[in-house]
Amino acid sequence: MAAWTWRFETADGTEVQPAVRPEEFTTQGDAESWIGENWKALLDGGADQVWLFEDAKEIYGPMSLHADEATA
């Protein structure tokens with residue numbers, strides 16, 4: 001079974017530990033729902049952007065957690 005995970009970074013691409021500890025998700029939808037519920041706390045905790053992975057395969061990123069950039 002695939003594991004969907006997030007990588008958390010600052011704006012310059014440095015990996016950071018998330019303010020909210022994620023789990024390994026079993027579906028992309030669960031992972032995306034979680035980020036949608038927790039993006040503000042992650043941003044407040046020092047993460048500026050995220051990457052989504054399925055096992056070791058990069059799915060997308062970087063995706064900004066800043067609302068003004070996410071809607072542009």
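How many aromatic pairs does the structure hold? The structure holds three aromatic pairs, and two of them are described below, after a short account of the model as a whole.

**Model and overall form**

The coordinates are those of a predicted model, for which the mean pLDDT of the protein is 93 and 94% of the residues reach a score of at least 70. Confidence varies along the chain, being highest in strand β2 (residues 49-54), with a mean of 98, and lowest in helix α2 (residues 67-70), with a mean of 66.

Two helices and three strands make up the secondary structure of the protein, and read from the N terminus these elements follow the order β-α-β-β-α. The radius of gyration of the protein is 11 Å, which agrees with the value near 11 Å that a compact globule of 72 residues would have. Taken along the principal axes, the C-alpha atoms fill a box of roughly 35 × 25 × 20 Å. Of the 72 residues in the protein, 31% are buried, while the accessible surface comes to about 4,400 Å², with carbon and sulfur atoms accounting for 49% of that area. When contacts between residues at least 6 apart in sequence are considered, 50% of them join residues at least 24 apart.

**Aromatic pairs**

The geometry of two ring pairs is set out here.

| Ring pair | Distance between centres | Angle between planes | Class |
|---|---|---|---|
| Trp6 and Tyr60 | 6.2 Å | 70° | edge-to-face |
| Phe25 and Trp34 | 5.8 Å | 45° | tilted |

The pair of Trp6 and Tyr60 counts as edge-to-face because the planes of its rings stand at 70°, and an angle over 60 degrees is what that class requires. This pair links distant parts of the chain, since Trp6 belongs to strand β1 (residues 4-9) and Tyr60 to strand β3 (residues 57-64), with the two positions 54 residues apart in sequence. The partners are placed in separate accessibility classes: Trp6 has a relative accessible area of 9% and is therefore buried, whereas Tyr60, at 24% relative accessibility, counts as partly exposed. The cut-off that applies here is 20%, under which a residue is taken as buried.

For Phe25 and Trp34, the planes meet at 45°, so the pair is classed as tilted. Both Phe25 and Trp34 are buried. These residues also take part in a wider arrangement, in which ring pairs link Phe8, Phe25 and Trp34 into a cluster.

How values were computed. Residues are numbered from 1 along each chain as its sequence is written. This is a predicted model: local features need pLDDT of at least 70, side-chain atom pairs count only at pLDDT 80 or more; totals for chains, interfaces and linings use all residues. Side-chain values use heavy atoms; hydrogens and water are left out. pLDDT is the predictor's confidence in each residue, from 0 to 100. Helices (H or I, at least four residues) and strands (E, at least two) are DSSP runs, numbered from the N terminus. Rings of Phe, Tyr and Trp (its six-membered ring) pair if their centres lie within 6.5 Å; planes under 30 degrees apart count as stacked, over 60 as edge-to-face and the rest as tilted. Buried means under 20% relative accessible area, exposed over 50%, partly exposed in between (1.4 Å probe, protein chains only). The radius of gyration is taken over C-alpha atoms; the globule rule is 2.2 Å times the number of residues to the power 0.38. Contact means heavy atoms within 4.5 Å. Accessible areas come from the Shrake-Rupley method with a 1.4 Å probe; for residues, only the protein chains shown count as cover.
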